[in-house]
Amino acid sequence: MPKDQTAPSTDDIAAQMEVLRSDVSALTRSVTDLAKDRAGKARDAAQDTVREQTQAMSDGAAQMTRQAEDAVRAQPLAATAVAAGLGFALGYLSNRR
């Protein structure tokens, strides 16, 4: 060690360690806040996607219901025959044990 430099004292080292602890603590808080923010954004995006898909499924089901109603109105006799046939088939299958 050169003559003009002196070894740091124990108090100097302790002060530097305290600064280092403070810096690490601040960095940990920053990383935690960033992770929470990113997790919140990912959660919000997932919720938006679920809402959009649920709405699309609901719209599709409503459209299929309208189409079925229109088909029954257009051909009531055929719809009644199909319903009776399905009822007969399901009844037959449920009694076949």
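**Accessibility, salt bridges and overall form**

Visitor: Is the class of Arg-73 buried or exposed?
Guide: In this predicted model, the relative accessible area of Arg-73 is 61%. A residue must be over 50% to enter the upper class. Because its value is 61%, Arg-73 is exposed.

Visitor: With which residue does the side chain of Arg-73 meet in a salt bridge?
Guide: The partner lies in helix H1, as does Arg-73, and the two are three residues apart, about one turn of the helix. The N to O distance is 3.9 Å, and the criterion admits pairs within 4 Å. The side chain that meets Arg-73 in this salt bridge is that of Asp-70.

Visitor: Which class of accessibility does Asp-70 belong to?
Guide: The relative accessibility of Asp-70 is 47%. Buried requires a value under 20% and exposed a value over 50%, with one class in between. Because its value is 47%, Asp-70 counts as partly exposed.

Visitor: What is the N to O distance in the salt bridge of Arg-21 and Glu-18?
Guide: Both residues lie in helix H1, three residues apart, which is about one turn of the helix. Glu-18 is partly exposed, at 47% relative accessible area. The side chains of Arg-21 and Glu-18 meet with an N to O distance of 3.2 Å.

Visitor: Which residue forms a salt bridge with Arg-43?
Guide: The closest N and O atoms of the pair are 3.6 Å apart, and the cut-off is within 4 Å. The partner counts as partly exposed at 36% relative accessibility. The residue that forms a salt bridge with Arg-43 is Asp-44.

Visitor: How many salt bridges does the count come to?
Guide: The pairs described above are among them: Arg-73 with Asp-70, Arg-21 with Glu-18 and Arg-43 with Asp-44. By the rule of within 4 Å, the count of salt bridges comes to five.

Visitor: How far apart are the mean positions of the positive and negative charges of the chain?
Guide: The chain carries 12 positive and 13 negative charges. The mean position of each set is taken, and the distance between these two positions is 12 Å.

Visitor: What accessible area do Ile-13, Met-17, Leu-20 and Val-24 have together?
Guide: These four residues form a nonpolar patch on the surface. Val-24, one of the four, is in helix H1 and counts as partly exposed at 46% relative accessibility. Membership requires over 30% relative accessible area. Together the four residues have an accessible area of about 350 Å².

Visitor: How far apart in space are Thr-49 and Ser-22, C-alpha to C-alpha?
Guide: Thr-49 is placed in helix H1, residues 10-74, and is partly exposed at 38%. In sequence, 27 residues separate Thr-49 from Ser-22. In space, their C-alpha to C-alpha distance is 41 Å.

Visitor: How far apart in space are Ala-39 and Met-17, C-alpha to C-alpha?
Guide: Ala-39, too, is found in helix H1, and a relative accessible area of 46% makes Ala-39 partly exposed. Ala-39 and Met-17 are 22 residues apart in sequence. Their C-alpha to C-alpha distance in space is 33 Å.

Visitor: What is the radius of gyration of the chain?
Guide: The chain has two helices and zero strands. The globule rule gives 13 Å for 97 residues, and the chain is well over that, so it is more spread out than a compact globule. The C-alpha trace spans about 110 × 35 × 20 Å along its principal axes. The radius of gyration of the chain is 36 Å.

How values were computed: Residues numbered from 1 in each chain as written. Predicted model: local features only at pLDDT ≥ 70, side-chain atom pairs only at ≥ 80, totals over all residues. Heavy atoms only, no water. Buried < 20%, exposed > 50% of the residue type's maximum accessible area, 1.4 Å probe, protein only. Rg over C-alpha atoms; globule rule 2.2 N^0.38 Å. Lys, Arg positive; Asp, Glu negative; His and termini not counted. Charge placed at Lys NZ, Arg CZ, Asp CG, Glu CD. Patch = residues over 30% accessible without salt bridge, like charges linked within 9 Å, V, L, I, M, F, W, Y side chains within 5 Å. Areas by Shrake-Rupley, 256 points an atom, 1.4 Å probe, with all protein chains shown as cover.
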